[in-house]
Protein chains: 2
Amino acid sequence: MSELDDYLTRQRGRVDAALAAEFPLDTAPPHRLLEAVRYSLLNGGKRLRPILALAACEAVGGAAEAALPAACALEMIHAYSLVHDDLPAMDDDAMRRGRATTHVAFGEGVAILAGDALLTEAFALLSRRALQAARPRPLLRVLAELAEAAGARGMVGGQAADLAAAGAPADMATVEFIHVRKTGALLLASVRSGAHLGGASAAALRRLSHYGECLGLAFQIADDVLDAEGAIAATGKAAGGRDRALDKATYPAVLGLPAAKARARELRDHALAAVERFPAAADPLRAIASYVVERAVGA
Amino acid sequence: MSELDDYLTRQRGRVDAALAAEFPLDTAPPHRLLEAVRYSLLNGGKRLRPILALAACEAVGGAAEAALPAACALEMIHAYSLVHDDLPAMDDDAMRRGRATTHVAFGEGVAILAGDALLTEAFALLSRRALQAARPRPLLRVLAELAEAAGARGMVGGQAADLAAAGAPADMATVEFIHVRKTGALLLASVRSGAHLGGASAAALRRLSHYGECLGLAFQIADDVLDAEGAIAATGKAAGGRDRALDKATYPAVLGLPAAKARARELRDHALAAVERFPAAADPLRAIASYVVERAVGA
């Protein structure tokens, strides 16, 4: 794991520096908005989505630098979605990553606006870079796919379905509908963004898309498993957890923990198979797929 | 005015049909989200921003059709901003255009998501059209300018400054800062979008930008004047209005009504002068500048 750790640390540093540069402290927007944007974005996150973009770019022979605008835009969109999902009218979470959520720290109005700013600036960044590029098409394609993944047929649709499903027991079809959109779409777009900007062939793009789909679902199941087991450990109850308590649609709630874990392992294996024929440059993608699942369900 | 009325009705019909087609009722997102999006967007609005884009496109010799994607994106961004600005954590408005605001009709969570969807889909639409275009650059430029106008240095920054200014008496610098960003930026981007897509020369773009800046500010002052006079008529008080009651930053509150009206007329004259040398195809732009100001302050 140490090699993966080194890789993740190096790429995270690259992404964090680029993100901080996007929102320098001396720009025009009202100071409080900028503070809230930076608080929401520059928070020591894992940067999974940006790192997937950089790793996919390298896996097809590109330089990671080429994927950096996409990496930043992906994290900005991810950060916006967390800020809005945490709001009282949504999941009503007061804490995230061990500190107050944005609306608790800055008030609801500023939090809504900080999310709006992060979403908008993601597209501003990509379109600026596309205009500057000699060949704008790959960045334009990334922009289109990110907007699609974030929009009504993607993340926003998933969150709306999640809101609608709260309070009633969910079935498997609802859980899949929600997770494919709410987290799967942006993880898939992360991998595809890197592939586009690394100049992937059509065949490589197809394989990486399959990798991204499997990884996205595996990631969500692993996250649900960690949540459920954390809640079991905390409460001593035999099953359930925070999301179950809220009647949230999760895999462990629908499948039970053992079957959810088996499904995550299966998806990891599919993800690994999809990039089997890729050269050593795809090793980080392989290591990430294993790590994402194994941190939650073991080997 | 009848010629302008005909023009506005015709262009509004074109825009409304294109907007309705963007969100057909049979698509995948959860029905409730789609309903809220359509409720927020297809509401019989004046369509000032889209019509400015179509009119600017025609003014430089383009076909209005070329500006239709920008027109739709502009209205989607405008609709998103109204939905979010009306939220309880922001301006807390229960009514808009004679009916319940989106969060009153659909709940706060769905309203936040409907706004997020409208904003995201505006960029999805423009990037899709750019990818399909033989020459993507004009649409890409429009996308970049819309994102800039909507972002932290534009609308979101203006709304944040407006929130921050509430509850304290505002000075002229604050009022200008807020309005240039909150409404001015998108109105300017509307005119420039049409110019880009109509193939404007650099000189024509410069003149139209000046028109757009003056129109944007004039529009906001006229709106503030109408609000203030409406409140005077309703309450019988000598000055003020809803925004004043809330200590909102407005021109009449800072300048007084007569000076605010004079400033609106002056800006109208500057807008008209900016397009003086344009051919008859710019007549709708001229008529709009006059109409926007004169409906509020007379000739």
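Contact here means heavy atoms within 4.5 Å. By that rule, A:Leu272 touches A:Arg286, A:Ala289 and A:Ser290, leaving out residues up to four places away in sequence. The model is predicted. Chain A and chain B share an interface that buries about 4000 Å² between them. Salt bridges number 38 over all chains, and 4 of them cross from chain A to chain B.

**The interface of chain A and chain B**

- On chain A, 46 residues are in contact with 46 residues of chain B.
- Carbon and sulfur atoms account for 73% of the area buried between the two chains.
- Polar contacts also cross the interface: 8 residue pairs, both partners at pLDDT 80 or more.
- Four elements give two or more residues to the side of chain A that touches chain B: α4 (68-85), α6 (108-132), α7 (137-150) and α8 (155-165).
- Of these, α6(A) gives the most, with 16 residues.

**Salt bridges between the chains**

- B:Arg153 pairs with A:Glu121, with the closest N and O atoms 3.3 Å apart.
- This pair joins two chains, because B:Arg153 lies in the loop between α7 (137-150) and α8 (155-165) of chain B, while A:Glu121 lies in helix α6 of chain A.
- The two partners differ in exposure: B:Arg153 is partly exposed at 30% relative accessibility, whereas A:Glu121 is buried at 3%.
- Why does A:Glu121 count as buried? Its relative accessible area is 3%, and buried means under 20%.
- A:Arg128 and B:Glu148 also form a salt bridge through their side chains, at 3.6 Å from N to O.
- B:Glu148 sits in helix α7 of chain B and A:Arg128 in helix α6 of chain A, so this pair joins two chains.
- Both ends are partly exposed: B:Glu148 has 30% relative accessibility, and A:Arg128 has 27%.

**A salt bridge within chain B, and a network**

- B:Glu294 forms a salt bridge with B:Arg268, the closest N and O atoms being 2.9 Å apart.
- The pair ties together parts that are 26 residues apart in sequence, because B:Glu294 lies in helix α14 (residues 283-297) and B:Arg268 in helix α13 (residues 257-274) of chain B.
- B:Glu294 is partly exposed, with a relative accessible area of 32%.
- B:Arg268 is buried, at 9% relative accessibility.
- Elsewhere, salt bridges that share partners join six residues into one network: A:Glu22, A:Glu121, A:Arg128, A:Arg129, B:Glu148 and B:Arg153.

**Aromatic rings and the charges over them**

- The structure holds 3 aromatic pairs over all chains.
- In one of them, the ring centres of A:Tyr39 and A:Phe106 are 5.2 Å apart.
- Their planes are at 70 degrees, so the pair is edge-to-face; the cut-off for that class is over 60 degrees.
- The pair links distant parts of the chain, 67 residues apart: A:Tyr39 is in helix α2 (residues 31-41) and A:Phe106 in helix α5 (residues 102-106) of chain A.
- A:Phe106 is buried, with a relative accessible area of 12%.
- A:Tyr39 also has a charge over its face: A:Arg99 lies 3.8 Å from the ring centre.
- In chain B, the charged end of B:Arg99 sits over the ring of B:Tyr39, 3.7 Å from its centre.

**Two residues to look at**

- A:Leu272 lies in helix α13 (residues 257-274) of chain A.
- Is A:Leu272 buried or partly exposed? A:Leu272 is partly exposed, because its relative accessible area of 25% falls between the cut-offs of 20% and 50%.
- A:Leu272 and A:Ala130 are 142 residues apart in sequence and 32 Å apart in space, C-alpha to C-alpha.
- B:Gln220 belongs to helix α10 (residues 202-235) of chain B.
- B:Gln220 is buried, with 7% relative accessible area.
- Leaving aside neighbours within four places in sequence, B:Gln220 is in contact with B:His179 and B:Thr183.
- With B:Thr183 there is also a polar contact, side chain to side chain, at 2.8 Å from B:Gln220.

Conventions:
Residues are numbered from 1 along each chain as its sequence is written. Chains are lettered from A and ligands numbered from 1 in the order in which they are written. Side-chain values use heavy atoms; hydrogens and water are left out. Rings of Phe, Tyr and Trp (its six-membered ring) pair if their centres lie within 6.5 Å; planes under 30 degrees apart count as stacked, over 60 as edge-to-face and the rest as tilted. Buried means under 20% relative accessible area, exposed over 50%, partly exposed in between (1.4 Å probe, protein chains only). A charge sits over a ring if NZ of Lys or CZ of Arg is within 6 Å of the ring centre and within 35 degrees of the ring normal. Buried area is the accessible area (1.4 Å probe) that two parts lose on being put together, summed over both. A polar contact is a pair of N or O atoms within 3.5 Å; within protein, one must be able to donate a hydrogen and the other to accept it, and residues adjacent in sequence count only if both atoms are side-chain atoms.
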